[in-house]
Amino acid sequence: PEAAPPVQHMMDDPEIDVTVILTPHSLHSKMVVESIQCGKHVFVEKPLCVTSEQLLQVMEAYSGKVDSTGACPYVMVGYNRRFSPHSARIKEFFASRKDPMVISYRVNSGFVPVDHWVHSEEEGGGRIIGEICHFVDLMQYFTRSNPCSVYAQRVSGNDKTCVNNDNVILNIKFVDGSIGSIIYSANGDRSFSRERIEIFCDGKTASSSDFRLTEFHSGGRKKRFRTWNQQMGYKEELEYFFQHVKGEVSAELTAEEIFYSTATVLAAHKSIEQAIPVEIT
């Protein structure tokens, strides 16, 4: 759909420096492109877009606004998990690593009926695109590397009581040699924990449950970091975004990382359809 007149009025207003996009998924890329072209910084809730064509349009708009100094309007997707204090502790724990990481990320996402808008190819793009991008980004944050290939498979259910694309496993290879497995299921019970991360590297192990409890194992000893409530990084990501656009902090999430995480979940669909690993370029 075309952007409503108030949106265009906002885009044309030179007094507005930032756009925050919280619309249905199908409108994200169009508004991101318009914001970039108008020289405005962008915070857009995930996903960045829902098709490969839209991703190319965003990338072209972004590259077209990069000046001779490399500056461009800042584009940020709401990948809050990398800003969680639990994620920061894990990254610090592996800061001096020498070997590639092995990462397991299990998500008990909860059932969403097949007729929900999120499953619409045109409006929502499905949960692989709309949600799994979160977990790809967090793996990028931990590895400090981008994905180079993905192999994805889904269950063969009835696509009603068991939505096939909501029960998938993605195996991702990263440029630095790390590997990550995302196990995403909507067929579990909501009373069970939603997310658990386990990372193995350099003879050390870190595990985190629901961004409440993180454990660190090294040298035969265990340390814990616990928060009284779930700390998923929502407050921290917004603080970072506005500090960055004001020039107070350097970039913690780059456009390149965002383009790669988006390309990865788009490639996962292709991998499922063709039953082959797909390179990410």
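# Notebook: two pockets and a sheet

I began with the make-up of the largest pocket: its lining counts ten nonpolar, nine polar and eight charged residues. A reminder to myself before going on: this is a predicted model.

**Entry 1, the largest pocket.** How much volume does the largest pocket have? I noted about 660 Å³. I then looked for the residues at its heart, and of the 27 that line this pocket, Ile129, Leu266, His269, Lys270 and Glu273 are the closest to the centre.

Next I asked which elements each supply at least two residues of this lining. I wrote down helix 5 (127-130), helix 8 and strand 12. Helix 8 gives the most, with seven residues.

**Entry 2, the second largest pocket.** Here I found a volume of about 170 Å³. Its lining is made of Ser52, Leu55, Leu56, Met59, Glu256, Phe259, Tyr260, Ala263, Leu266 and Thr281. Sorted by class, these are seven nonpolar, two polar and one charged.

I checked the elements again: helix 3 (52-65) and helix 8 each bring at least two residues to this lining. Which of the elements gives the most? Helix 8 does, with five residues. I put a mark beside Leu266, which is listed in the lining of the second largest pocket and is also among the residues closest to the centre of the largest one.

**Entry 3, the sheet.** I turned to the strands and traced an open sheet of nine, in the order 11-10-9-8-4-7-6-5-12, with mixed pairing. Why is one side of strand 11 and of strand 12 left without a neighbour in the sheet? Strand 11 (221-226) and strand 12 (278-279) stand at the edges, and each has a single partner strand, so one side stays unpaired there.

Inside the order, I looked up strand 4 (residues 102-108) and strand 8 (residues 195-201): they run antiparallel and are joined by six bridges. To pin down one partner, I followed Val102 across and found Phe200 in strand 8.

**Entry 4, helices on the sheet.** Helix 4 (residues 85-93) packs on the sheet, and I saw it touching strand 8, strand 9 (204-209), strand 10 (213-218) and strand 11. The direction of helix 4 makes about 10° with that of strand 10.

Helix 8 (residues 255-274), familiar from my pocket entries, packs on the sheet too, touching strand 5 (147-154), strand 6 (167-174) and strand 12. For the direction of helix 8 against that of strand 5, I noted an angle of about 40°.

Notes: Residues are numbered from 1 along each chain as its sequence is written. This is a predicted model: local features need pLDDT of at least 70, side-chain atom pairs count only at pLDDT 80 or more; totals for chains, interfaces and linings use all residues. Side-chain values use heavy atoms; hydrogens and water are left out. Two strands pair if DSSP finds at least two bridges between them. Contact means heavy atoms within 4.5 Å. Axes are lines fitted to C-alpha atoms, for helices over the stretch in contact, and angles run from 0 to 180 degrees between N-to-C directions. On a 1 Å grid over the protein atoms alone, a cavity is a set of points where a 1.4 Å probe fits but cannot get out, and a pocket is an open set with protein on both sides within 12 Å along at least five of seven lines; lining residues have an atom within 4 Å of a point. Grid points are joined across faces, edges and corners, and a volume is the space filled by probe spheres set on the points. Ala, Val, Leu, Ile, Met, Phe, Trp, Tyr, Cys and Pro count as nonpolar, Asp, Glu, Lys and Arg as charged, and the others, Gly among them, as polar.
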